[in-house]
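Visitor: Please take me through the side-chain environment of one part of this model, with particular attention to the rings and to the polar groups that lie away from the surface.

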Amino acid sequence: EGGAGILISGTDNFTSQNGGWFFNGSGNYASGIFASSSSNILTLRSPQNISFQIGFSTPSMTLTSGGNLLVGTTTDIGQRLQVSGGYITQVDGGVRTFLGYDGIGSLVGTTTNHYFRFITNDTERMRITSGGNIGIGTSSPSFKLDVNGKIYSSTEVQGGSALMNLTGGYATFGSNSSVVGIRVVRRSDIF
(Lines give C-alpha, C1' and ligand atoms only; values in the text may rest on other atoms or scores of the structure.)
Protein backbone atom coordinates (compact mmCIF):
# COMPACT_ATOMS: atom_id res chain seq x y z
CA GLU A 1 0.00 0.00 0.00
CA GLY A 2 1.55 3.29 -1.11
CA GLY A 3 4.88 1.67 -2.13
CA ALA A 4 6.52 0.99 -5.45
CA GLY A 5 7.10 -2.44 -6.88
CA ILE A 6 6.06 -5.02 -9.42
CA LEU A 7 2.65 -6.55 -8.98
CA ILE A 8 2.01 -9.83 -10.76
CA SER A 9 -1.45 -11.25 -10.38
CA GLY A 10 -2.65 -14.62 -11.54
CA THR A 11 0.64 -16.48 -11.09
CA ASP A 12 -0.59 -19.79 -12.53
CA ASN A 13 1.89 -19.53 -15.44
CA PHE A 14 4.63 -17.67 -13.56
CA THR A 15 8.19 -19.02 -13.47
CA SER A 16 11.56 -17.70 -12.35
CA GLN A 17 14.58 -18.72 -14.41
CA ASN A 18 17.86 -17.38 -15.86
CA GLY A 19 17.79 -14.20 -13.77
CA GLY A 20 14.24 -13.27 -14.74
CA TRP A 21 10.53 -13.79 -14.28
CA PHE A 22 8.45 -15.18 -17.11
CA PHE A 23 4.69 -15.56 -17.28
CA ASN A 24 1.90 -16.44 -19.71
CA GLY A 25 3.69 -18.71 -22.15
CA SER A 26 7.04 -20.25 -22.90
CA GLY A 27 9.93 -19.84 -25.34
CA ASN A 28 9.54 -16.91 -27.77
CA TYR A 29 5.93 -16.42 -26.65
CA ALA A 30 6.76 -15.79 -22.99
CA SER A 31 6.31 -12.34 -21.51
CA GLY A 32 8.82 -11.47 -18.86
CA ILE A 33 11.23 -9.25 -17.03
CA PHE A 34 14.84 -10.29 -16.76
CA ALA A 35 18.28 -8.80 -16.16
CA SER A 36 21.59 -9.68 -17.73
CA SER A 37 24.48 -9.38 -15.29
CA SER A 38 27.03 -9.40 -18.14
CA SER A 39 25.55 -6.38 -19.98
CA ASN A 40 23.71 -4.62 -17.12
CA ILE A 41 20.52 -4.46 -19.21
CA LEU A 42 17.02 -4.82 -17.81
CA THR A 43 14.79 -6.35 -20.47
CA LEU A 44 11.01 -6.32 -20.69
CA ARG A 45 9.87 -8.89 -23.22
CA SER A 46 6.46 -9.45 -24.71
CA PRO A 47 5.16 -10.85 -28.01
CA GLN A 48 2.68 -7.95 -27.90
CA ASN A 49 2.96 -4.29 -26.84
CA ILE A 50 4.47 -3.20 -23.53
CA SER A 51 2.50 -0.42 -21.79
CA PHE A 52 3.64 1.82 -18.94
CA GLN A 53 0.78 3.12 -16.82
CA ILE A 54 0.89 5.76 -14.11
CA GLY A 55 -2.28 6.00 -12.07
CA PHE A 56 -5.41 4.18 -13.15
CA SER A 57 -6.12 5.79 -16.53
CA THR A 58 -4.96 4.69 -19.97
CA PRO A 59 -1.28 3.84 -20.44
CA SER A 60 1.06 6.85 -20.27
CA MET A 61 3.45 5.28 -22.75
CA THR A 62 3.40 2.18 -24.94
CA LEU A 63 6.25 0.47 -26.75
CA THR A 64 4.74 -1.56 -29.58
CA SER A 65 6.03 -4.92 -30.73
CA GLY A 66 7.06 -3.14 -33.96
CA GLY A 67 9.36 -0.77 -32.03
CA ASN A 68 7.16 2.35 -32.11
CA LEU A 69 6.94 4.50 -28.97
CA LEU A 70 3.48 5.95 -28.26
CA VAL A 71 3.24 8.77 -25.68
CA GLY A 72 -0.20 10.05 -24.69
CA THR A 73 -1.94 7.78 -27.20
CA THR A 74 -2.65 4.09 -27.70
CA THR A 75 -3.30 4.38 -31.44
CA ASP A 76 -0.28 3.28 -33.47
CA ILE A 77 -0.08 5.04 -36.86
CA GLY A 78 3.20 3.35 -37.79
CA GLN A 79 5.73 6.08 -36.88
CA ARG A 80 8.71 5.48 -34.59
CA LEU A 81 7.74 8.27 -32.14
CA GLN A 82 4.12 9.35 -31.72
CA VAL A 83 3.18 12.05 -29.20
CA SER A 84 -0.36 13.22 -28.50
CA GLY A 85 -1.55 15.99 -26.20
CA GLY A 86 1.58 18.08 -25.87
CA TYR A 87 4.86 19.25 -27.29
CA ILE A 88 8.14 17.52 -27.85
CA THR A 89 10.63 19.80 -26.10
CA GLN A 90 14.40 19.75 -25.89
CA VAL A 91 16.28 21.98 -23.44
CA ASP A 92 20.04 22.28 -23.76
CA GLY A 93 22.29 25.10 -22.60
CA GLY A 94 19.31 27.37 -21.86
CA VAL A 95 17.84 26.98 -25.38
CA ARG A 96 14.33 25.50 -25.47
CA THR A 97 13.31 24.00 -28.83
CA PHE A 98 9.87 22.51 -29.40
CA LEU A 99 7.68 20.73 -31.92
CA GLY A 100 3.94 20.35 -31.44
CA TYR A 101 0.35 21.19 -32.19
CA ASP A 102 -1.59 24.00 -30.48
CA GLY A 103 -5.14 22.96 -31.47
CA ILE A 104 -5.05 25.15 -34.59
CA GLY A 105 -1.89 24.16 -36.43
CA SER A 106 1.60 22.74 -36.18
CA LEU A 107 4.35 24.63 -34.35
CA VAL A 108 8.10 24.36 -34.44
CA GLY A 109 10.62 26.79 -32.99
CA THR A 110 12.19 28.13 -29.81
CA THR A 111 10.50 29.55 -26.73
CA THR A 112 13.68 31.28 -25.59
CA ASN A 113 15.48 34.33 -27.04
CA HIS A 114 17.49 32.32 -29.59
CA TYR A 115 17.58 31.86 -33.37
CA PHE A 116 16.14 28.88 -35.23
CA ARG A 117 18.17 27.20 -37.99
CA PHE A 118 17.31 24.94 -40.92
CA ILE A 119 20.13 22.57 -41.83
CA THR A 120 20.60 20.18 -44.76
CA ASN A 121 23.69 18.09 -45.52
CA ASP A 122 25.19 19.33 -42.23
CA THR A 123 25.16 22.95 -43.51
CA GLU A 124 22.97 25.83 -42.33
CA ARG A 125 20.68 26.92 -45.20
CA MET A 126 18.24 29.28 -43.47
CA ARG A 127 17.98 31.07 -40.12
CA ILE A 128 15.16 32.89 -38.35
CA THR A 129 16.55 35.29 -35.76
CA SER A 130 14.92 35.87 -32.38
CA GLY A 131 13.77 39.24 -33.79
CA GLY A 132 11.98 37.59 -36.75
CA ASN A 133 14.43 38.30 -39.58
CA ILE A 134 14.90 35.47 -42.09
CA GLY A 135 18.29 34.83 -43.63
CA ILE A 136 18.88 32.50 -46.57
CA GLY A 137 22.57 31.97 -47.23
CA THR A 138 23.47 34.30 -44.36
CA SER A 139 23.64 33.66 -40.62
CA SER A 140 23.12 37.33 -39.69
CA PRO A 141 20.10 38.69 -41.61
CA SER A 142 19.57 42.46 -41.28
CA PHE A 143 16.12 42.61 -42.93
CA LYS A 144 12.83 40.71 -42.73
CA LEU A 145 14.13 38.69 -45.71
CA ASP A 146 17.88 38.79 -46.35
CA VAL A 147 19.15 36.57 -49.17
CA ASN A 148 22.78 35.99 -50.04
CA GLY A 149 22.50 34.73 -53.63
CA LYS A 150 20.12 34.96 -56.56
CA ILE A 151 16.35 35.18 -56.17
CA TYR A 152 14.15 33.89 -58.98
CA SER A 153 10.64 35.01 -59.89
CA SER A 154 8.87 33.91 -63.07
CA THR A 155 6.46 36.89 -63.12
CA GLU A 156 6.49 39.68 -60.52
CA VAL A 157 8.26 41.02 -57.48
CA GLN A 158 6.28 43.47 -55.34
CA GLY A 159 7.13 45.59 -52.33
CA GLY A 160 4.32 47.77 -50.95
CA SER A 161 2.87 49.62 -53.96
CA ALA A 162 6.06 49.25 -56.06
CA LEU A 163 6.00 46.50 -58.65
CA MET A 164 8.58 44.92 -60.92
CA ASN A 165 7.00 42.88 -63.70
CA LEU A 166 9.31 40.38 -65.38
CA THR A 167 7.27 39.17 -68.35
CA GLY A 168 7.60 39.65 -72.11
CA GLY A 169 11.42 39.63 -72.16
CA TYR A 170 11.79 42.95 -70.35
CA ALA A 171 11.41 44.39 -66.85
CA THR A 172 8.78 46.99 -66.05
CA PHE A 173 9.05 49.08 -62.89
CA GLY A 174 6.00 51.00 -61.73
CA SER A 175 3.24 51.34 -59.17
CA ASN A 176 1.21 48.44 -60.61
CA SER A 177 1.18 46.23 -63.70
CA SER A 178 -0.91 48.65 -65.82
CA VAL A 179 0.93 51.91 -65.06
CA VAL A 180 4.48 51.90 -66.38
CA GLY A 181 7.11 53.95 -64.62
CA ILE A 182 10.30 52.66 -66.28
CA ARG A 183 10.61 49.87 -68.83
CA VAL A 184 13.98 48.19 -69.42
CA VAL A 185 14.13 46.46 -72.83
CA ARG A 186 16.66 44.42 -74.72
CA ARG A 187 19.04 46.34 -76.97
CA SER A 188 17.59 44.71 -80.11
CA ASP A 189 14.13 46.14 -79.26
CA ILE A 190 15.39 49.74 -79.42
CA PHE A 191 16.37 49.80 -83.11
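Guide: In this predicted model, Arg-127 lies over the face of Tyr-115, at 3.8 Å from the ring centre. Arg-127 also enters the description of Asp-146, a residue of strand β15 (residues 145-147). Asp-146 is buried yet has no salt bridge, and the nearest side chain of opposite charge is that of Arg-127, 11 Å away; since a salt bridge requires a side-chain nitrogen within 4 Å of a carboxyl oxygen, that separation lies outside the cut-off. What the side chain of Asp-146 does have is a polar atom 2.9 Å from the backbone nitrogen of Ser-142. Beyond the neighbours within four places in sequence, Asp-146 is in contact with Ile-134, Gly-135, Ile-136, Thr-138, Ser-140 and Pro-141.

A second buried polar residue is Gln-82, which lies in strand β8 and counts as buried because its relative accessible area is 6%. The side chain of Gln-82 makes a polar contact with the side chain of Asp-76, at 2.8 Å, while a polar atom of the Gln-82 side chain lies 2.7 Å from the backbone oxygen of Gln-79. With the neighbours within four places in sequence left aside, the residues in contact with Gln-82 are Asn-68, Leu-69, Leu-70, Val-71, Thr-73, Thr-75, Asp-76 and Ile-77, so that Asp-76 appears both in this list and as the side-chain polar partner.

Turning to rings that meet other rings, the structure holds 2 aromatic pairs. In one of them, the ring centres of Tyr-87 and Phe-98 are 5.5 Å apart and the planes stand at 80°, so the arrangement is edge-to-face. This pair links distant parts of the chain, given that Tyr-87 sits in the loop between β8 (81-83) and β9 (88-92) whereas Phe-98 belongs to strand β10 (residues 95-101), 11 residues apart. Tyr-87 counts as partly exposed because its relative accessibility is 42%, whereas Phe-98, at 15%, counts as buried.

Phe-116 and Phe-118 form an aromatic pair that is likewise edge-to-face, with 5.2 Å from centre to centre and 85° between the planes. Here Phe-116 counts as buried, at 16% relative accessibility, and Phe-118 counts as partly exposed, at 33%. Each pair therefore joins a buried ring to a partly exposed one: Phe-98 with Tyr-87, and Phe-116 with Phe-118.

How values were computed
Residues numbered from 1 in each chain as written. Predicted model: local features only at pLDDT ≥ 70, side-chain atom pairs only at ≥ 80, totals over all residues. Heavy atoms only, no water. Phe/Tyr/Trp six-rings, centres within 6.5 Å; stacked < 30°, edge-to-face > 60°. Helix = DSSP H or I, 4+ residues; strand = E, 2+ residues; numbered from the N terminus. Buried < 20%, exposed > 50% of the residue type's maximum accessible area, 1.4 Å probe, protein only. Lys NZ or Arg CZ within 6 Å of the ring centre and 35° of its normal. Polar contact = N/O pair within 3.5 Å; in protein donor to acceptor, adjacent residues only side chain to side chain. Contact = heavy atoms within 4.5 Å. Lys, Arg positive; Asp, Glu negative; His and termini not counted.
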